[in-house]
Amino acid sequence: MGSITHAVVLGVAVVPRSEAEMEPAQIPVVRADIPSPRPAEEPPPAATGTATGEQTDTNADASPESLPPVVDVLLGAGAGLFRLAERSVHRVSNMARPLAGSLAAVALRPPGLPERLHPETQLRLLAERGRRERVTVEQSGAELLRVLVPLIVDKLLDSIDMMGIVRRIDLDAAVRTVDIDAIARRLDLGAVFDSAPIERIVTRVDVDAIAERVDLEPIVKRVDVDAVVAAVDLDAVAARLDLDAIIARVDVVGIAQEVVEALDLPEIIRRSTGSMSSDAVRGVRMRSMQADESVARLTDRLLGRRRSNPDHGSSPDGSKDGLDDVGAR
Amino acid sequence: MTSAHASDGWAGGRPPAPRALPEAFLPYRGQPAGVISRSLAGGVDLALVVTVGVSMYLGYSGLRFLWNPRDFHFGSLHWLVAVVVEGTLLAVYLTACWATSGRTYGDRVLALRVTDANGDRLHVVHALARAVLCVVIPLGLFLSALTATKRSLSDVLLRTTVRYDWER
């Protein structure tokens, strides 16, 4: 284990020992030193090469912070050389541009040769052929992409946990960033309602079914009828009523006649007045008759007459009373 | 009889059932009326006639007012004239009532009827004589309180009788 040597080339840690000499747990690991995403809940690995604690220091040496600047040195040197060459070429080209233009014109259209043999003509033909090939390749590529892209996208979508992505999105925060008021202000609701087939929608709505499903009892219980009535200005309502028109439309005379006919008011009046008068007259008659009897007794007593029991139905003078006959008349 | 009843317009062609007389009246039925009942009946008739006389006077004054409103004033009426007029009205009223139905309005209220000695309705002359006698000598009514047969002066002189007759 102690003979393990490490080499770091271009940020790649290589364990050059043969795998046959190692235990399965010690198989060298070639890893790109690029931070790979790992689940947050997993603890950071203690060792990337082996499971032993001796390799902890080695792995610490392979971290990005501890890489030697060899790559940077090489890249910096290459970049400096490139810039130097670029500046040199630029200067040379600036100096040679007038001369090169004349030489190029002579070279492309050499005098004494027919035009079809000019290099310029040949270059033009080559450019045209290249353009055709390019177009053909583009078309073929587009066709190939049209076939491949759906397949690739399907495979990608199948491999992606879309719901997991959605769950990781903070939809509340996203919604908070939306200015719904501004959207509402920009909406032309009038045009929306004008274009909507309201009548067709209303005709398809089963209002009866909705009404049957509505439980009105708790709603009615929650209504403060007293407050509603208190808020109603009955005086204003009464002032707006045209009672004359209402009364004019009511057949008061007909109703009164029906009530009178139902009550048989004349019969009631006749009975009441008749009974009252008959009772009063009966009282007067009987009291006067009793008074007559009392006066007669008093007179008889004063005059010393013997009073015989009256023979009802016969006259005082003994003759048969003709009252019944009179009454009959 | 059935056809006669039907012609009278009785419901069902049958006469109405007579109303029963009060139980308390039966002992007095057909008996001569006493002075109290007669006096009350006379008072009712006198009030009625006086009311008619006053109404006639007011009507006459109203006509005079309509005829000449500017010079209108209630005319003075001598008491003797008034008594004579009222007495005449009373005599005519009594005569008409006794000669037709045998009872005045006062008699109707007090359940009395005036008949002759046979219980028949008075002749118009008989009734007129009794009416004049009652108007001229009203105090003759109180003789009925003294006589055993409860006859007033006019009954004694003209052989008439006033009896209880509850109208049915």
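These are legends for a few close-up views of a predicted model.

**View 1. Chain A at a glance.**
Start with the secondary structure: chain A carries 16 helices and 3 strands. Of its 329 residues, just 9% count as buried. The accessible surface comes to about 27400 Å², and carbon and sulfur atoms hold 62% of that. As for contacts in chain A with a separation of 6 or more, 25% of them link residues 24 or more positions apart.

**View 2. Helices H2 and H3 of chain B, where they pack.**
Here H2(B), residues 35-67, meets H3(B), residues 79-100. Their axes sit 10 Å apart, at an angle of about 125 degrees. That angle is why H2(B) is called oblique to H3(B). The crossing itself is right-handed. On the H2(B) side, look for Asp45(B), Leu46(B), Leu48(B), Val49(B), Val50(B), Gly53(B), Val54(B) and Met56(B). Facing them from H3(B) are Glu86(B), Leu89(B), Leu90(B), Tyr93(B) and Leu94(B). Sort the residues of this contact by class and you get 10 nonpolar, 1 polar and 2 charged.

**View 3. Helices H3 and H5 of chain B, crossing.**
H3(B) also has a contact with H5(B), which covers residues 124-136. In this pair the axes come within 8 Å and cross at roughly 145 degrees. Which hand does the crossing of H3(B) and H5(B) have? It's right-handed. H3(B) brings Gly87(B), Leu90(B), Ala91(B), Leu94(B), Thr95(B), Trp98(B) and Ala99(B) to the contact. H5(B) answers with Val124(B), Ala127(B), Leu128(B), Arg130(B), Ala131(B), Cys134(B) and Val135(B). The class count for the contact of H3(B) with H5(B) is 11 nonpolar, 2 polar and 1 charged. Leu90(B) and Leu94(B) are worth picking out: they are listed in the contact with H2(B) and in the one with H5(B).

**View 4. His123(B), in the loop before H5(B).**
Zoom in on the loop between strand S1 (112-116) and H5 of chain B, and you'll find His123(B). Is His123(B) buried or exposed? Its relative accessibility is 52%, so His123(B) counts as exposed, the cut-off being over 50%. Now bring Trp98(B) into the frame, one of the H3(B) residues in the contact with H5(B). His123(B) and Trp98(B) are 25 residues apart in sequence, and their C-alpha atoms are 8.3 Å apart in space.

Terms used
Residues are numbered from 1 along each chain as its sequence is written. Chains are lettered from A and ligands numbered from 1 in the order in which they are written. This is a predicted model: local features need pLDDT of at least 70, side-chain atom pairs count only at pLDDT 80 or more; totals for chains, interfaces and linings use all residues. Side-chain values use heavy atoms; hydrogens and water are left out. Helices (H or I, at least four residues) and strands (E, at least two) are DSSP runs, numbered from the N terminus. Buried means under 20% relative accessible area, exposed over 50%, partly exposed in between (1.4 Å probe, protein chains only). Contact means heavy atoms within 4.5 Å. Accessible areas come from the Shrake-Rupley method with a 1.4 Å probe; for residues, only the protein chains shown count as cover. Axes are lines fitted to C-alpha atoms, for helices over the stretch in contact, and angles run from 0 to 180 degrees between N-to-C directions. Angles under 35 degrees count as roughly parallel, over 145 as roughly antiparallel, 65 to 115 as roughly perpendicular and the rest as oblique. A crossing is left-handed if the near helix is turned anticlockwise from the far one by less than a right angle, and right-handed if clockwise. Ala, Val, Leu, Ile, Met, Phe, Trp, Tyr, Cys and Pro count as nonpolar, Asp, Glu, Lys and Arg as charged, and the others, Gly among them, as polar.
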